[in-house]
Amino acid sequence: MNVIDCHAHFYAPSNYGKQEIASYAASMNSAQEEDGFVLAAVVVTPETWDDCLTVLAQSAQHPLLKPCAGLHPVQPGGMSLHPRQVDSHQLKNLIGSSSSPVVAIGEIGLDFSPWILQKTVDASDWWRECDVGDCGVESVKQLQKEAFRTQVLLAKELNLPVNVHSRNAGHHAISLLEECEMLHRALLHAFDGATKHAVKAAEKGAVFSIPGSVVREASFRKLVVALPLSSLCLESDAPALAPVKNTKSWPKDSCMQACVAIAELKGITAMEVARVTTENATRLFGLALTAATPSKPLSNLPPEIVSYLARRHLHHADILTLMQCSRNLHTLLATSQALWAAMTLQKTNIAYIEDGGDWKRAYFNNNLLEACPHLSALVNVHTGFSSAEGLKGLAKVVQKLFKRTQFERIACMEEGCEIDGPANIWMCLTKGCNRVGCGRKFNKHALQHYEAEGADHSLFVRLGTFQLWCNECGLWLDTLDAPAVERKFVQTIEACLLSAIQSVNPHGESCIRSAMALNARRALERAALDIHPNDVAHFVSVQFARQWHGFVVHEDEDPPALVDNDDLLVTDEEGVKWLRSDVFPNQHFSLFSQRGWELLQRQYPGSGPTVTEHNIYPGNVSKRALVDFVKMRAVEEHENTRRKRRQAR
């Protein structure tokens, strides 16, 4: 099956060595469809005038390479392309004299990246010689548009398509192409603009090429979902936008991975994606391709045997490559849920997905890498938790514990320890262990058990609330920022445990449900802790803030009463309310963001009045400086907490 790389900077010496290109082109030209895909063509896009000369010379030596000619909106040194640099007559003569037919004008377009625009404004005096008025960012944008328009109109004159760069300028590029009546002849590569603009452009005939980095970049995946397959092509953007970050992109590998990712997102086969995108590229660039050699039968072995051998003896990345390269292997392996489950386990150490879920989709779900892998110990790794024997065993253990002991009298199993009460007692979830101990912090017996036994005993459940904690990850599980698959699995565990104790200890079940409801409320209210440097600081009486913090963060108090901020304000002779001069942050009031204050008002109706930094008397400079300092410290502390959590995830 043919694939076409519609946008690559595959030329020497700036991006690849001459020998690298020669060897690669030779190997691609000799490849038959016994490996599933054939790289039928690479549309090579130069960026500078020298690149144009190089690309045309290389294409004459290697038929695989299909040359474009054009000037990129960003030239060497990070400077924007100037209209004076675009000599359309010279470019036209170069195209006409080329021994290799030029298939498009490109890479041309717009780049409104702030650093490029500002560098252009600051760096060169000759920009100021242009009759554009004030030489600012808007003037540079206008000059870029003029250079782009000149090349688009040349393409229209020569009846060639355009290969377009539109970073941070998607809407502007589409508007100009439409103005020049060339939108239906345009390929927009690695489009990063708003999806709604892409959809409208596709309806008018524009084509969008998807790079190999679609496997890791959500913006490209969103674009793929929004656009019809008839508006998509493949690209590598070699040497950039590789499937694996910070590695060099190669045309065939990147296009195949993009092909597979598109197939996953569209719910169709990779072969269908290859067929349609190749047809789109051939039509746009006017390419004539040689039909791929039909493949030979691979094996008479049943698919189940091939799948078993693959998952037992091959790395998941090698299996994926084989499926991408061979139509026969793709047919044999792609529908095996057991194989995709084994590949997902290899890749992520995750053996659980939603009940009845698709392991193939899970394999390509990068959010799965942030889920807790230690939960996998509770399930059958071949089937996922939909038929997990581990949960049944766990339910029996909890049922037995709650049956023989009064709920309030559940205690630590450590000899001599007098700590009891389910809120302070934890149980190890490791199958066959189920050690019950107090606490999860320093010198507590649950933590000591984990430290003695190691990572295999990292999962604990708090018996008073059925909250799960992973010592190895250092994380509460089923938080609002956890991956969906982790949250669903933990909720399944909670439901299983509640069901287990319902018949043996109804009082305990009722207490736990109440505690779980409070925890859900805490999780919601924790969002009030978020604060940003640009937020308007809202002030809340310190009495309420301390009680609220004890409830939400330390989980050792009931919810506080409503917020009463009357003591923070004083009214002047004109009836204007100001912050009292004798109240200070952290001593009399705490800082919240506007979003946090609105959340508190919803959770604690009747709270008020609203007090913000705008209530600080204008002449009280020292109070404003003190509030700014406390606000800055609060922002830093919040960001550090979020950073640590992201790193743990």
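In which helix is Thr120 found? In this predicted model, Thr120 belongs to helix α4, which spans residues 114–123. The relative accessibility of Thr120 is 0%, so the residue counts as buried, the cut-off for that class being under 20% relative accessible area. Two polar contacts involve the side chain of Thr120. One is made with the backbone oxygen of Ile116, at 2.8 Å. In the other, a polar atom of the Thr120 side chain lies 3.0 Å from the backbone nitrogen of Ser80.

The protein chain as a whole contains 22 helices and 19 strands. Of its 649 residues, 51% are buried. When contacts between residues at least 6 apart in sequence are considered, 69% of them join residues at least 24 apart.

Leu71 offers a view of such packing in one loop. This residue is located between strand β3 (65–69) and strand β4 (74–75). Leu71 has a relative accessibility of 7% and therefore counts as buried. Apart from neighbours within four places in sequence, the residues in contact with Leu71 are Glu47, Thr48, Trp49, Leu81, Gln85, Val86, Glu107, Ile108 and Gln151. The C-alpha atom of Leu71 is also separated by 6.6 Å from that of Gly106, a residue 35 positions away along the chain.

Gly106 leads to strand β6, where it stands opposite Asn163 of strand β7. Strand β6 covers residues 104–111, and eight of its eight residues are buried. Pairing in a sheet has a general basis: strands pair through backbone hydrogen bonds, in either a parallel or an antiparallel manner. Strand β6 runs parallel to β7 (residues 162–167), and six bridges join the two. Strands β3 and β6 are likewise parallel, and are joined by two bridges. In the pairing of β3 with β6, Ala69 stands opposite Ile105.

A further element of the model is the packing of two helices. Such a pair is described by the angle between the helix axes and by the distance between those axes. For helix α2 (residues 49–61) and helix α3 (residues 88–97), the angle is about 10° and the axes are 11 Å apart. Helix α2 is therefore roughly parallel to α3, as angles under 35 degrees are placed in that class. On the α2 side, the contact is made by Trp49, Cys52, Leu53 and Leu56, and on the α3 side by Gln90, Leu91 and Leu94. Six residues of this contact are nonpolar, one is polar and none is charged. Trp49 of α2 also appears among the residues in contact with Leu71.

An open sheet is formed by five strands, in the order β12-β11-β13-β14-β15, with antiparallel pairing. Its edge strands are β12 (436–438) and β15 (475–476), each of which pairs on one side only. Within this sheet, strand β13 (residues 459–462) and strand β14 (residues 467–470) are antiparallel and share four bridges. One of the residue pairs is formed by Leu459 and its bridge partner in β14, Cys470.

Definitions and conventions
Residues are numbered from 1 along each chain as its sequence is written. This is a predicted model: local features need pLDDT of at least 70, side-chain atom pairs count only at pLDDT 80 or more; totals for chains, interfaces and linings use all residues. Side-chain values use heavy atoms; hydrogens and water are left out. Buried means under 20% relative accessible area, exposed over 50%, partly exposed in between (1.4 Å probe, protein chains only). A polar contact is a pair of N or O atoms within 3.5 Å; within protein, one must be able to donate a hydrogen and the other to accept it, and residues adjacent in sequence count only if both atoms are side-chain atoms. Axes are lines fitted to C-alpha atoms, for helices over the stretch in contact, and angles run from 0 to 180 degrees between N-to-C directions. Angles under 35 degrees count as roughly parallel, over 145 as roughly antiparallel, 65 to 115 as roughly perpendicular and the rest as oblique. Contact means heavy atoms within 4.5 Å. Ala, Val, Leu, Ile, Met, Phe, Trp, Tyr, Cys and Pro count as nonpolar, Asp, Glu, Lys and Arg as charged, and the others, Gly among them, as polar. Two strands pair if DSSP finds at least two bridges between them.
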